[in-house]
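Q: Please examine the central sheet strand by strand, with attention to what surrounds it. A single connected account would be preferred.

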Amino acid sequence: MIIVGCDYHPGFRQIAFIDRETGECEQRRLEHREAAEKFYRELAAQEAKQRVGMEASGHPGWFERLLAKLNFGLWIGDATETARKRERKQETDRQDARHILRWLLKDDFHESG
């Protein structure tokens, strides 16, 4: 299973991900919509089960549709709860992506709604 923590912004996506089978863990900043589409299509081609957790912010309609089309599990979290659970009060996109990934791994992700 590949698990991705995504701090979504309209102009870019900051991600942290892990492949549970290989242990590979990485962070990336996907600057453009095309880069995000390429990354997620490449993950889908690996034919592993995928889950993406992201904060609910911006207008991610195209992103949600892409993940649904690729059969990714999508969990949408509450940005206020992410801020509350953050250890340090200083926010960075890289830290938020790592936090979301860690919460997904610990089954402590706070879905919105």
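**Strand E1 and its surroundings**

A: In E2, Ala16 is the residue that Gly5 stands opposite. The model under discussion is predicted. The pairing of E1 with E2 is antiparallel and extends over 7 bridges, and a hairpin of 4 residues links E1 to E2. Gly5 also has a bridge partner in E4, namely Gly53. E1 and E4 run parallel and are joined by 5 bridges.

In a regular strand, side chains alternate between the two faces of the sheet. In E1 both faces are covered: Ile2, Val4, Cys6 and Tyr8 are buried on one side, and Ile3, Gly5 and Asp7 are buried on the other. Because 7 of the 7 residues of E1 are buried, this strand is largely enclosed by the rest of the structure.

The sheet to which E1 belongs is open and contains 5 strands in the order E3-E2-E1-E4-E5, with mixed pairing. E3 (25-30) and E5 (73-77) are the edge strands; each has a single partner strand, so one side of each lacks a neighbour in the sheet. On average, neighbouring strands are turned by 20° against each other, direction ignored. E2 (residues 13-19) runs antiparallel to E3, to which 6 bridges join it. Within E2, Ile15 stands opposite Arg28 of E3.

H4 packs on this sheet and touches E1 (2-8), E2, E3, E4 (50-55) and E5, its direction making about 140° with that of E1. H4 (residues 93-105) comprises 13 residues and reaches 19 Å from its first C-alpha to its last, close to the 18 Å expected. Its buried residues include Ile100, Leu101, Trp103 and Leu104, and also the charged-type positions Asp93 and Asp96. Just after H4, Asp107 adopts a positive phi of about 60°.

The nonpolar residues complete the picture. The largest nonpolar core has 20 residues, and those with the most contacts inside it are Val4, Cys6, Ile15, Tyr40, Phe63 and Phe72. Two or more residues come from each of E1, E2, H1 (33-45), E4 and H2 (61-69), and H1 gives the most, with 5 residues. Leaving aside neighbours within four places in sequence, Phe63 is in contact with Cys6, Tyr8, Arg13, Tyr40 and Met54. A second, separate core of 9 residues includes Ile3, Ala16, Leu101 and Phe109. Val4 and Cys6, on one side of E1, thus belong to the largest core, whereas Ile3, on the other side of E1, belongs to the second.

Note on methods
Residues numbered from 1 in each chain as written. Predicted model: local features only at pLDDT ≥ 70, side-chain atom pairs only at ≥ 80, totals over all residues. Heavy atoms only, no water. Expected span 1.5 Å × (residues − 1). Buried < 20%, exposed > 50% of the residue type's maximum accessible area, 1.4 Å probe, protein only. Pairing = 2+ DSSP bridges. Axes fitted to C-alpha atoms, helices over the stretch in contact; angles between N-to-C directions. Contact = heavy atoms within 4.5 Å. Core = buried A, V, L, I, M, F, W, Y, C linked by side-chain atoms within 4.5 Å.
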